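Here are a few short exercises to try with a model open beside you. Work through each task on your own, then compare your steps with the solution.

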Amino acid sequence: MSRTQPSAPATPGRVRRLLDEVRPAVVPAKQRRPAGGPRPGPWRRGPVLTVCALLLGLLLPLHGTLTDRAGLGSLVETFLPWFGLFVPVLLAGALLRRSATALVALMLPVTMWLHLFGGLLGDRSQAGGDLTVVSHNVAAENRDPADTARELAASGADLLALEELTDRARGTYEKALAKAYPHHVVRGTVGLWSRLPLSDTRSVDVLRDMAGPLAETLRPEDMPVEPPRALRTTVATEKGPLAVYVAHLGSVRVTAGSGFWTDSRDAGATKLAAAVAAEHDKRLLVLGDFNGTTDDRAFDGLTSRLRSAQDVAGAGFGFSWPASFPVARIDQILVRGVEPRSAWLLPATGSDHLPVAARVSW
């Protein structure tokens, strides 16, 4: 019978050699060096973060070049100021990755955002003014129009533009505002209450024409008739006539089939811009719910001729919708031939919009 050979004695040298052989297998993976070489330096780290920062920096000034297919361009422009929130997110990622390249690239979106919106961060209001105007979408579903009317009258406005009036609530507003505003005009779903005389009032067509398969099957006399959503009137002031437009442009919707649908609003914006372009009065106010911000390309025809009172003399962005947590200013006061002195928001009413106000001077 064969006998097992005795093992070699465990000398200190032999133990060290065995440990050297097994040590690589037990070293944690995170402590091992990559086989490809040393870790990239700070100027080569974070390429994805760098590209994202550059794209954001280009998007801010070049948003007008985005396609508007499915309303993409309009959607981006509606919330354009909020894209600045991506900067701290990218900054945190750059610091975590210790990427010098991403940090440098972030200078582009920071610079572009400040160029576009930095001037809106402070208070640009000034004292004085000759006329106070308020515009408010009072909401068709407003449960207490009488209270809304009282709150608006308490603002002391000389001109009070209301949008989304219903036949049921119209009488309530007329009764509640009669004492403070002896002059008023209503056309369809919009109206203007005034402390000063009004004249030369007419409806303005801002409705989208019927189009598509349904329109082809209907005779002209069978086309649905919508109430006017805009008016034009002349206010007699001590310093001469003032043309005032009150408008409620078409709604926008997000649908699975068409994306961000703005056709009705865009058609109304084009028609309103044409009416303003044909206006002969030098002094002009355009008030109302535009269902879009002045950054939106749909309003280029208006913003190229008029100034936003909020941008000139407001404090901050003046977001007016939704009232519970405003994220966009879709209620506008635009001017020509008068100087905005201050612009602000009024407290919430029973509407899902906040009232917007401004004081102007000659």
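The exercises below go from the whole chain to one strand, and then to the empty spaces.

**Exercise 1. Get an overview of the fold.**
Task: Find how many helices and strands there are in the protein, and what share of the residues counts as buried.

Solution:
- Bear in mind that this is a predicted model.
- Go through the secondary structure: the protein has 12 helices and 14 strands.
- Turn to burial: 42% of the 362 residues count as buried.
- Look at contacts between residues at least 6 apart in sequence: 71% of them join residues at least 24 apart.

**Exercise 2. Place strand β2 among its neighbours.**
Task: Work out which way the residues of β2 point, and how β2 pairs with β1 and with β4.

Solution:
- Locate β2 at residues 159-163, where five of its five residues are buried.
- Sort the side chains by direction: Leu159, Ala161 and Glu163 point one way, while Leu160 and Leu162 point the other way. Both groups are buried, the charged residue Glu163 included.
- Take β1, residues 131-137: β1 and β2 run parallel and are joined by five bridges. Within this pairing, Asn137 has Glu163 as its bridge partner.
- Follow the chain from β1 to β2: the path goes through helix α7, residues 145-153, and the β-α-β crossover is right-handed.
- Now take β4, residues 190-194, which pairs with β2 in the antiparallel sense, again over five bridges. Here Leu162 stands opposite Gly191.

**Exercise 3. Describe the enclosed space.**
Task: How many cavities of 30 Å³ or more does the structure hold, and which residues line the largest cavity?

Solution:
- Start with the idea behind the search: rolling a probe the size of a water molecule over the atoms reveals where empty space remains.
- Count: there is one cavity of 30 Å³ or more, and the largest has a volume of about 30 Å³.
- List the lining: Val138, Ala139, Ala140, Asn142, Glu164, Thr166, Arg168, Ala169 and Tyr173.
- Sort the lining by class: five residues are nonpolar, two polar and two charged.

**Exercise 4. Describe an open pocket.**
Task: Find which residues lie nearest the centre of the second largest pocket, and which elements each supply at least two residues of its lining.

Solution:
- Note the volume of the second largest pocket, about 340 Å³.
- Of its 24 lining residues, Phe117, Leu120, Thr294, Asp295 and Asp311 lie nearest the centre.
- Trace the elements: α3, α6, β11, α12 and β12 each supply at least two lining residues.
- Finish with the classes: the lining of this pocket divides into 11 nonpolar, eight polar and five charged residues.

How values were computed
Residues numbered from 1 in each chain as written. Predicted model: local features only at pLDDT ≥ 70, side-chain atom pairs only at ≥ 80, totals over all residues. Heavy atoms only, no water. 1 Å grid on protein atoms, 1.4 Å probe; cavity = no way out; pocket = protein on both sides within 12 Å on 5 of 7 lines; lining within 4 Å. Points joined across faces, edges and corners; volume = space filled by probe spheres on them. Buried < 20%, exposed > 50% of the residue type's maximum accessible area, 1.4 Å probe, protein only. Helix = DSSP H or I, 4+ residues; strand = E, 2+ residues; numbered from the N terminus. Pairing = 2+ DSSP bridges. Right-handed = clockwise from strand over helix to strand, strands pointing away. Contact = heavy atoms within 4.5 Å.
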